[in-house]
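Please open the structure in your viewer and keep the selection tool at hand. The tour moves from one selection to the next and says what is there each time.

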Amino acid sequence: MCKMATTKSFLILIFMILATTSSTSATLEDVVTILSIDGGGIKGIIPGVILEFLEGKLQELDRDARLADYFDVIGGTSTGGLITAMITTPNENNRPFAAANEIVPFYFQHGPHIFNSSTGTFLGPSFDGKYLLQILEDNFGETRLHQALTEVVISSFDIKRNKPVIFTKSNLTNYPELNATMYDICYSTAAAPTVFPPHYFVTNTSNGDTYEFNLVDGGVASVGDPALLSVSVATKLAEEDPAFASIRSLNLKKMLLLSLGTGTNSEFDKTYTANETAKWGYFQWKSVIPPMLDASSSYMTDYYLSTVFQALDSQDNYLRVQENALTGTTTDMVDASVANMDLLKQVGKNLLKKPVSKDNPETYEQALTRFAQSLIDRKNLRANKASTFATEEMVTVLSIDGGAIRGIIPGVILRYLEAELQRIDNNTDARVADYFDLIGGTSTGGLVTAMLTTPNENNRPFAAANEIVPFYFEHGPKIFEPSGNPLFGPQYNGTYLMQVIQEKVGETFLNQTLTEVVISSFDIQTNKPVIFTKSSLAKSPELNAKMYDICYSTAAAPTYFAPLGFNTSHNGDQYRFNLVDGGVATVGDPALLSVSVATKLAEEDPAFSSIRSLNFKRMLLLSLGTGTTSDFDKTYTAEQAATWGILQWGSAIQAMTGAASSYMTDYYLSTVFQALDSQDNYLRVQDNALTGTTTAWDDASMANMLLLEQVGNALIGSTTSMDNASQANMKLLVQVGEILLKKQNSKEDPETNEEALKRFAKLLSERKKLQANKMFH
């Protein structure tokens with residue numbers, strides 16, 4: 001299985017840089033330092049204890065030291081955003097208004113008043129938020145974002161625009177409307193749906209126009225762990241700030257990341273098997289999906305970061321400090337009783353005494369002591385250096401989103417791309433898998449990935465790209481033929497889906513694919529993502545499942561299809577999987593996961609040596625979406641949602657999380673590629689303006705098909721239905737894909753997607769000709 005990069009697995013000490021070099025100055029002088037703090041309500045006491053210890057050690061070496069003096073970027077979400085503001089907002093002496101040793105007392109003094117029940121849980125927010133906003137105003141006054149003492153990264157989510165809002169100083173030049181008061185920012189990042197009312201406030205644009213925000217908890221955008229976002233912002237700063245020059249090539253040997261968690265359960269209160277959930281419908285899945293998404297996101301963020309740092313032999317530069325064994329009341333984010341706060345404080349103190357990993361007996365206390373010394377040395381020795389890029393061959397990555405019947409859209413794009421490759425190379429037998437080192441997908445994208453990479457009897461892909469759309473036309477209506485009540489069981493029994501996949505891929509196993517693949521799923525019994533990759537098989541042979549089991553699993557969306565339980569075996573041992581849709585793990589867009597796996601391969605495979613320094617000039621990434629709406633069917637204002645409780649927020653949060661995740665994945669990747677002057681190496685093909693007059697995702701009635709036929713080229717009703725498999729709808733989806741080819745890539749870039757794909761095809765062809773041996777073949 002994929003192994004989570006926890007504090008008890010393989011992360012060594014950040015500041016052990018000193019132990020691996022004879023010259024401290026040569027190592028530390030141009031390091032970029034990042035501190036990231038998770039969300040977690042009252043559990044912010046835990047990182048508060050850690051930060052108090054760290055700042056105390058800094059003060060032993062530098063009497064007036066404050067954390068903001070030593071970190072270039074400090075990021076946080078929810079309660080982590082509040083701590084970020086406390087240690088970066090200036091007082092009248094232009095020093096942080098709070099020392100680290102004042103964080104825990106802040107929670108003890110104000111926590112019981114902030115989390116003092118004021119309304120009903122189900123029919124409105126649990127707390128009115130008035131005390132929280134008042135105490136933030138009293139502490140921060142009229143201080144605004146631009147006055148923060150170092151770069152900050154605080155996330156929130158706008159429920160009216162359905163987009164994340166990232167408050168950073170570096171964005172103010174282009175987005176002056178982000179220059180809000182720190183108390184507005186802090187309340188917004190903490191305004192968790194069902195816990196506090198959303199927050200409404202206004203700022204001014206560069207033209208003096210009023211700009212409105214309707215914001216909720218930053219955890220909706222970064223799902224609790226803002227470390228990846230903080231790294232992305234630091235990387236973006238490398239474009240303009242000489243102080244960040246050392247990471248312009250994303251040299252993680254020059255990046256020091258300390259990520260502080262607020263604690264998780266060692267085992268979730270409830271896990272499930274495929275048999276238990278086989279007949280679940282909307283009501284049963286409704287409360288289960290959010291914690292799975294949360295667990296998965298935290299896992300994946302750590303997976304992405306630890307994978308990249310390890311692949312670049314820089315694992316000593318990343319430390320995740322997290323308690324994974326919370327029990328009882330300490331798991332409650334809103335229990336501000338003195339007894340529970342005392343327990344949380346003790347959790348933090350105990351964590352300092354724990355070893356960093358099973359293999360390293362050194363404790364976090366010892367680690368943070370050395371870290372403090374590294375920060376002191378780095379502050380004194382910092383210089384500006386630029387890294388150089390290598391010139392080795394490119395590594396090519398294709399990523400395909402989930403989206404059920406809307407897989408027709410990337411099908412159209414791939415058909416065009418493969419035809420262009422055949423034209424350029426004058427080879428009608430050319431296939432997409434010949435040109436990509438790694439192809440990743442989730443849900444319907446996982447199915448397309450299998451079609452492109454599973455070998456036939458001639459050891460060629462069993463499907464050409466021009467067979468993808470016909471596959472949906474032929475089999476879509478039968479796959480999405482309703483068979484149950486979605487409220488009390490899955491809408492479709494999945495029998496036909498499994499049957500057609502088995503017929504297509506036969507008994508082929510993962511290790512037989514023609515190139516590296518990345519297909520995600522989520523195990524509802526272990527509450528962890530499962531990432532199927534060929535490169536993982538040496539260490540995790542139980543992942544060598546049959547391709548039809550993998551394909552069904554990645555497509556088994558809760559409430560749509562029943563979960564899949566199956567066994568694999570290795571050396572006579574059996575391993576049990578209980579899997580659902582890969583979108584639970586990657587929330588639809590697997591591009592970041594695909595890049596992480598490609599980077600991890602650099603550790604072992606010579607063919608990937610060109611990206612061992614994560615050189616994005618040497619990585620070519622094509623990410624294909626399945627379409628989104630420019631405006632969601634329903635948006636909200638803070639006033640509308642002010643009195644919402646669990647019942648009203650239930651379905652809205654999932655939609656917002658999905659929207660935020662897709663947005664953030666593209667944000668992370670585009671930020672990094674742009675920062676490294678490699679934006680031409682990343683192409684995201686996505687139609688963000690799908691519209692719809694039909695709200696049912698599974699309406700295949702004649703009336704609806706006629707309606708879809710009427711809207712025709714206007715593409716109004718057709719594209720909102722994920723699984724309306726009518727012939728009329730699918731024809732319209734084909735048109736969406738074809739129209740998408742003609743659209744501009746972005747407002748700033750006049751190049752159309754068609755032109756960009758031609759450019760990509762030419763690069764792929766040239767790269768293939770220069771490559772001596774096809775990777776993985």
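**Helix pairs, a motif and two loops**

Begin by selecting helices α3 and α6, whose crossing is left-handed, a term used when the near helix is turned anticlockwise from the far one by less than a right angle, whereas a clockwise turn is called right-handed. Helices (H or I, at least four residues) and strands (E, at least two) are DSSP runs, numbered from the N terminus. What you have open is a predicted model, in which local features need pLDDT of at least 70 and side-chain atom pairs count only at pLDDT 80 or more, while totals for chains, interfaces and linings use all residues. Residues are numbered from 1 along each chain as its sequence is written, and side-chain values use heavy atoms, with hydrogens and water left out.

Stay with this pair: the axes of α3 and α6 (residues 182-190) come within 7 Å and cross at roughly 155 degrees. Axes here are lines fitted to C-alpha atoms, for helices over the stretch in contact, and angles run from 0 to 180 degrees between N-to-C directions. The two helices α3 and α6 are therefore roughly antiparallel to each other, since angles under 35 degrees count as roughly parallel, over 145 as roughly antiparallel, 65 to 115 as roughly perpendicular and the rest as oblique. Show the side chains of G81, L82 and A85 of α3 and of M182, C186 and T189 of α6, which make the contact (heavy atoms within 4.5 Å). By class, the residues of this contact of α3 with α6 are four nonpolar, two polar and no charged; Ala, Val, Leu, Ile, Met, Phe, Trp, Tyr, Cys and Pro count as nonpolar, Asp, Glu, Lys and Arg as charged, and the others, Gly among them, as polar.

Next, keep α3 (residues 79-88) and add α4 (residues 103-114), whose axes come within 11 Å and cross at roughly 120 degrees. The helices α3 and α4 are therefore oblique to each other, and α3 passes α4 in a right-handed crossing. On the α3 side, T79, L82, I83, M86 and I87 meet I103, F106 and Y107 of α4, a contact with seven nonpolar, one polar and no charged residues.

Now select N94, which lies in the loop between α3 and α4. Although N94 is not a glycine, its phi is positive, at about 60 degrees. Most residues other than glycine have a negative phi. A second place to look is S443, in the loop between β10 (438-441) and α15 (444-453), where phi is near 55 degrees, again a positive value in a residue other than glycine.

Move on to α14 (residues 408-425) and α16 (residues 468-479), with axes that come within 8 Å and cross at roughly 150 degrees. These helices, α14 and α16, are therefore roughly antiparallel to each other. Their contact is made by I408, G411, V412 and L414 of α14 and I468, V469, Y472 and F473 of α16.

Finally, colour the model by pLDDT, the predictor's confidence in each residue, from 0 to 100. The protein chain averages a pLDDT of 74, and 66% of the residues score at least 70. Over residues 382-392, however, the pLDDT is below 50, and it stays under 50 over residues 692-730 as well.
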